[in-house]
Number of protein chains: 2
Amino acid sequence: MLSLSEENYIKAIYHLQTKDNKRVSTSQLSEYIRNKASSVTDMLKKLASKSLIEYKKYQGVRLSNTGERTALMIIRKHRLWEVFLVEKLDFNWDEVHEIAEQLEHIQSEKLVDRLDSFLNFPKRDPHGDPIPNKHGEIEVHNKTRLSDLQLNESGIFVGVVDSSASFLVYLDKQGIALGKSLSVKEKEAYDNSLLIEYDNKHLRITALTAQNLYIKLNER
Amino acid sequence: MLSLSEENYIKAIYHLQTKDNKRVSTSQLSEYIRNKASSVTDMLKKLASKSLIEYKKYQGVRLSNTGERTALMIIRKHRLWEVFLVEKLDFNWDEVHEIAEQLEHIQSEKLVDRLDSFLNFPKRDPHGDPIPNKHGEIEVHNKTRLSDLQLNESGIFVGVVDSSASFLVYLDKQGIALGKSLSVKEKEAYDNSLLIEYDNKHLRITALTAQNLYIKLNER
DNA sequence: GATAAATATCAGGCTAAAATAAATAAAACA
DNA sequence: TGTTTTATTTATTTTAGCCTGATATTTATC
């Protein structure tokens, strides 16, 4: 059984290695997890001794198969709990992350599977992120962002890149919710800001905002 | 914010002091929590310094008002999660304790209150134990046990004293469920065993079993 | 290819929560 | 009441997970 801290490292390594698909360095982890690099090295040795990661001194780490499976199971729990909080307990999508950070460490496979079934085997969490199934299989999701669209193209808003509460609150305020159709009406060459249309209204958004929205392109 | 370990001590002190209504000794706690007495002493000093308990050297401890409130909030969480597991996720009453032991440490008042409301403000957990409300008020429950009944008296089975999985499994096997009406048909003076009747069948039970069942007497 | 800068590791130390072992206080009893 | 037994506390050690500061390795730069 893994400690809380070990689980957090595994999850962090998963996120970092999935983002840019290469070995994760000590300093990346140190930054992400907000511990000193020396502490990270200590933990990496421990995880390597448990065969959860493949660790080469000075060369960074990569999750082993077991490590990856472990990470996926933690992510599965996190995201299922988020769905529970939003769908059953009426939390907003910007409130659930912290609570799910705690719930993801509860140990009971049966609990997770029952929860999954209680929620009707949801495919995605409230932020549009895919939920691994009980075999650790996870849908790879379309990486198109709103900022990638051409003028006059449109698509469905399916997920966020940045799921910080402040960003989610901003989206709520503007009425931008998962599943809405957004179309690009203007592109400002100067600062890459966009004028978008949805629900019959227009909104000007910054390049950063556009980069933080995942879009599923409408078939043409 | 309290550590996991601190919370477990607080809860243990609550249970012990409520059981026989007097100060809890180091050795009682040591036995209950399965730590060495010396470790218990260390923790008691710490809890006293946080004003959660009133600690007198060699005289045992008692929870302060804050301590008691803290205990009640942990118990509230534990019991609400048990209800959730049984009612919503179809767990059996003998499977939920361990999982609830973990869930009771999740920190979020909002979560607990939402859960309470989602479950329709249940009064008791699956073992018949009362659930404190959000103000820390808890119903004191009737302490009549099946072993206290006279010959030919009957009552409703409302709770268990011993909620170990093995006892609960035994009750399930015999079809003895919360809410059933049980009546005493014979009392064996020799070993205090009883012949009871419920659901139109008869069962012989030991004195120990009878002591472990809380009964609400039928009005006469 | 040598050297500076950036990264990573090692050695040693701190704290929380446990353990052991030794010392002391309280309770039991002769 | 004095002595023995039991309970409790104090002192010291261990382990996990973090830290700081010193050293080693890699990468970048001239």
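Hi everyone. A quick definition before we start: when I say contact, I mean heavy atoms within 4.5 Å. What you have in front of you is a predicted model, and I'd like to walk through how the two protein chains meet and then how they meet the DNA.

Let's begin with the symmetry. Chain B superposes on chain A by a rotation of 180 degrees with 0.0 Å of shift along the axis, at an RMSD of 0.1 Å. That is the relation of a two-fold axis. In chain B, the C-alpha nearest that axis belongs to Leu103(B), 3.8 Å away from it. As for the interface, 100% of the interface residues of chain B are also interface residues in chain A, so the copies meet through the same surface.

Now please find helix α5 of chain A, residues 96-103. Which of its residues are buried? They are Val96(A), Ile99(A), Ala100(A) and Leu103(A). Looking down the axis of α5(A), the buried residues fall within an arc of 100 degrees, so they line one face of the helix. That fits what we know of helices in general: there are 3.6 residues a turn, so residues three or four places apart point the same way. And what covers the buried residues of α5(A)? The cover includes α4 (65-88) of chain A, along with α4 (65-88), α5 (96-103) and α6 (109-118) of chain B.

On to the DNA, starting with strand C. It is surrounded by 22 residues, and the closest are Ser27(A), Lys45(A), Tyr55(A), Lys57(A) and Lys46(B). Sugar and phosphate make up 81% of the atoms of DNA strand C that come within 4 Å of the protein. For individual contacts, a side-chain N or O atom of Ser27(A) is 2.5 Å from a phosphate oxygen of strand C, and for Thr26(A) the corresponding distance is 2.9 Å. Lys36(B) takes part through its backbone, with an N or O atom 2.8 Å from a phosphate oxygen of strand C. The largest share of the surface near this strand, 5 residues, comes from α3(B).

Strand D has 20 residues around it, with Ser27(B), Lys45(B) and Tyr55(B) among the closest. Of its atoms within 4 Å of the protein, 75% belong to sugar or phosphate and the rest to bases. Tyr55(B) places a polar side-chain atom 2.6 Å from a phosphate oxygen of strand D, and Thr26(B) does so at 3.0 Å. Tyr58(A), meanwhile, has a polar side-chain atom 3.4 Å from a sugar or linking oxygen of strand D. By class, the surface near strand D divides into 5 nonpolar, 10 polar and 5 charged residues.

Thanks, everyone!

How values were computed. Residues numbered from 1 in each chain as written. Chains lettered and ligands numbered in written order. Predicted model: local features only at pLDDT ≥ 70, side-chain atom pairs only at ≥ 80, totals over all residues. Heavy atoms only, no water. Least-squares fit on C-alpha atoms with pLDDT ≥ 70 in both. Buried < 20%, exposed > 50% of the residue type's maximum accessible area, 1.4 Å probe, protein only. Helix = DSSP H or I, 4+ residues; strand = E, 2+ residues; numbered from the N terminus. Arc of directions from axis to C-beta. Near = heavy atom within 4 Å. Polar contact = N/O pair within 3.5 Å; in protein donor to acceptor, adjacent residues only side chain to side chain. Nonpolar A, V, L, I, M, F, W, Y, C, P; charged D, E, K, R; others polar.
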